[in-house]
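These are notes on one helix, its packing partner and the core around it, set out as numbered points. Please read them beside the coordinates.

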Amino acid sequence: MQKNIYIYLDDERTPIWKNVPADTSIIICRSYKEAVDAVNLFSNKGWTNLFIDLDHDLGTKKTGYDFCKWLISKGFVGKFHCHTANPVGRTNMKQLLNHYGWKEF
């Protein structure tokens with residue numbers, strides 16, 4: 001059985017679930033640190049599919065782009081969606097993740 005983890009990273013919005021597989025654990029993260037902690041926790045529990053849904057501006061110095069860079073540095077690959085209202089941030093996150101083999105959902 002596959003284990004899906006869906007990380008929703010946003011400092012203020014309420015998630016709207018789209019295209020989330022039924023057998024998925026959903027984690028709402030309100031900061032870069034919460035997202036990193038969630039990935040670290042679940043990567044040790046045998047999940048096989050990682051989905052991330054990203055905001056860029058998180059109300060702190062660290063952004064969704066920083067989270068993307070961290071994921072890449074750790075060798076994670078999965079599927080992503082960018083729901084940010086920041087067009088430059090969206091482009092930067094998409095280009096980075098696509099370059100390293102992530103797929104949009």
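1. The model is predicted. In it, helices H2 and H3 pack with their axes 9 Å apart, at an angle of about 10 degrees. H2 is therefore roughly parallel to H3, since angles under 35 degrees count as such.

2. On the H2 side, this contact is made by Gly64, Tyr65, Cys68, Lys69 and Ile72. Their partners in H3 are Asn92, Met93, Leu96 and Leu97. By residue class, the contact of H2 with H3 comprises 6 nonpolar, 2 polar and 1 charged.

3. How much of H2 is covered? The helix spans residues 64–73, and 7 of its 10 residues are buried. The buried residues are Gly64, Asp66, Phe67, Cys68, Trp70, Leu71 and Ile72. H3 (87–99) is one of the elements that cover them; the cover also includes strand E1 (4–9), helix H1 (32–43) and strand E3 (49–54).

4. The two ends of H2 can be described briefly. At the N-terminal end, Thr63 acts as a cap, with a side-chain oxygen 3.2 Å from the backbone nitrogen of Tyr65. After the helix comes Gly75, which has a positive phi, near 85 degrees.

5. The largest nonpolar core holds 27 residues. Those touching the most other members are Ile7, Leu50, Ile52, Leu54, Phe67, Leu71 and Trp102. Two or more residues come from each of E1, strand E2 (24–29), H1, E3, H2, strand E4 (79–82) and H3. Phe67 and Leu71 also appear among the buried residues of H2.

6. Which residues does Trp102 touch, once those up to four places away in sequence are set aside? The list is Leu50, Ile52, Leu71, Ile72, Phe76, Val77, Gly78, Lys79, Phe80 and Leu97. Among these, Ile72 and Leu97 also take part in the contact between H2 and H3.

7. Ile27 sits in strand E2. With a relative accessible area of 16%, Ile27 is classed as buried, because the cut-off for that class is under 20%. Beyond its neighbours within four places in sequence, Ile27 is in contact with Ile5, Tyr6, Ile7, Tyr8, Ala38 and Phe42. For one of these, Ala38, the C-alpha atom is separated from that of Ile27 by 7.5 Å, and the two residues are 11 residues apart along the chain.

How values were computed. Residues numbered from 1 in each chain as written. Predicted model: local features only at pLDDT ≥ 70, side-chain atom pairs only at ≥ 80, totals over all residues. Heavy atoms only, no water. Buried < 20%, exposed > 50% of the residue type's maximum accessible area, 1.4 Å probe, protein only. Helix = DSSP H or I, 4+ residues; strand = E, 2+ residues; numbered from the N terminus. Contact = heavy atoms within 4.5 Å. Polar contact = N/O pair within 3.5 Å; in protein donor to acceptor, adjacent residues only side chain to side chain. Axes fitted to C-alpha atoms, helices over the stretch in contact; angles between N-to-C directions. Parallel < 35°, antiparallel > 145°, perpendicular 65-115°, else oblique. Nonpolar A, V, L, I, M, F, W, Y, C, P; charged D, E, K, R; others polar. Core = buried A, V, L, I, M, F, W, Y, C linked by side-chain atoms within 4.5 Å.
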